[in-house]
Amino acid sequence: MPLQNRVTPLGELIADPARGLVYGNRGCLHDDEGRIRRRFAVKRWIACRLEFKGWKRTKLLQPGRFTELFFLDEATAFAAGHRPCALCRREDYDRFVALVGARADEIDERLHEERLDRSRRRHLHRARLRELPDGAFVLDQDEPWLVLGNQLRRWTPAGYAERRPRARGDAVLITPPSLVEVLRSGWQGSVPLLHPSA
């Protein structure tokens, strides 16, 4: 039975057997039986490499340890509000803080405000669809869609599904604005920005 540790672009934790290309965490979210009990435990939401220095993970969701999360790709991690890890992705992190113009604590505070509203629900933003960079996510009919070229691609846990033309007008933006600006720079990190299905 799959664990509830796959992250959607909306930051929700779901159980799905499909594998992701990016790893991360936001603190310990599970109880001693491995059941998810909260959406986050800290403001520092990070996205990591799947492998680093040959470190081996033991059993996932161990009591009292951080909850191991998996993302389809880095565009999904950005949409959910995660930033590059300063340990396993040091070069990415250094480039990221230079682009954002702040260090970890300030970035984490800013992202926390951009991803959650005062009632701790998902904070969505408005944006001009034609002005969004590749890798940003928008919400349409309660589903996340990836912006890619002149198209939108529907997100699924296993990859990107149907496509449709990118229309004009306003959109409901999922990706936090600070991370949209990072994407606008032409961001390419050490983890896959997009799943091969894109």
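Two residues are in contact here when their heavy atoms lie within 4.5 Å of each other. Keep that idea in mind as you explore this structure, which is a predicted model. With that definition, we can say who Gly20 meets: leaving aside its neighbours within four places in sequence, Gly20 is in contact with Arg6, Leu50, Phe71 and Leu72. The protein chain around this glycine has four helices and twelve strands. Its radius of gyration is 16 Å, close to the 16 Å that the globule rule gives for 198 residues, so the chain is as compact as a globular protein of that length.

**The chain as a whole**

- Along its principal axes, the C-alpha trace of the protein chain spans about 50 × 40 × 35 Å.
- Of the 198 residues in the protein chain, 52% are buried.
- Take the contacts in the protein chain with a separation of 6 or more: residues 24 or more positions apart account for 65% of them.
- The protein chain exposes about 10,100 Å², and carbon and sulfur atoms supply 49% of that area.
- The chain carries 36 positive and 27 negative charges, and the mean positions of these two groups are 1 Å apart.

**A closer look at Gly20**

- You can find Gly20 in the loop between β2 (13-14) and β3 (22-25).
- Is Gly20 buried or exposed? Its relative accessibility is 8%, and buried means under 20%, so Gly20 counts as buried.
- Gly20 and Glu68 are 48 residues apart along the chain, and their C-alpha atoms are separated by 12 Å.

**Strand β12 and its partners**

- Strand β12 covers residues 170-173, and its side chains alternate.
- Which residues of β12 point to the buried face? Ala171 and Leu173 point to one face and are buried, while Asp170 and Val172 point to the other and are not.
- Strand β7 (residues 125-128) runs antiparallel to β12, and four bridges join the two.
- Within β12, Asp170 is the bridge partner of Arg128.
- Strand β8 (residues 137-140) also pairs with β12 in the antiparallel sense, over two bridges.
- Leu173, one of the buried residues of β12, is the bridge partner of Val138.

**The hairpin of β8 and β9**

- Strand β8 has another antiparallel partner to look at: four bridges join β8 to β9.
- Val138 appears again here, with Trp145 as its bridge partner in β9.
- How many residues lie between β8 and β9 in their hairpin? There are two residues between them, and Gln141 in the turn has a positive phi of about 50°.
- Most residues other than glycine have a negative phi, and most peptide bonds are trans.
- Gln141 has its positive phi although it is not a glycine.
- Asp142 is also found in the loop between β8 and β9, and its phi is near 65°, a positive value in a residue other than glycine.
- Exposed means over 50% relative accessibility, so Gln141 counts as exposed at 71%.
- By that cut-off, Asp142 counts as exposed at 69% relative accessibility.

**The hairpin of β10 and β11**

- Strand β10 (residues 151-156) and strand β11 (residues 159-165) run antiparallel, joined by five bridges.
- These strands, β10 and β11, form a hairpin with two residues between them.
- To see the pairing for yourself, look for Trp155, which stands opposite Tyr160 in β11.

**Helix α4 and what surrounds it**

- Helix α4 spans residues 177-184, and its buried residues are Ser178, Leu179, Val180, Val182 and Leu183.
- What do the buried residues of α4 pack against? They pack against α1 (74-80), α2 (90-100), α3 (104-115) and β12.
- Just after α4 comes Gly186, which takes a positive phi of about 90°.

Key:
Residues are numbered from 1 along each chain as its sequence is written. This is a predicted model: local features need pLDDT of at least 70, side-chain atom pairs count only at pLDDT 80 or more; totals for chains, interfaces and linings use all residues. Side-chain values use heavy atoms; hydrogens and water are left out. The radius of gyration is taken over C-alpha atoms; the globule rule is 2.2 Å times the number of residues to the power 0.38. Buried means under 20% relative accessible area, exposed over 50%, partly exposed in between (1.4 Å probe, protein chains only). Accessible areas come from the Shrake-Rupley method with a 1.4 Å probe; for residues, only the protein chains shown count as cover. Lys and Arg count as positive and Asp and Glu as negative; His and the chain ends are not counted. The place of a charge is taken as NZ of Lys, CZ of Arg, CG of Asp or CD of Glu. Two strands pair if DSSP finds at least two bridges between them.
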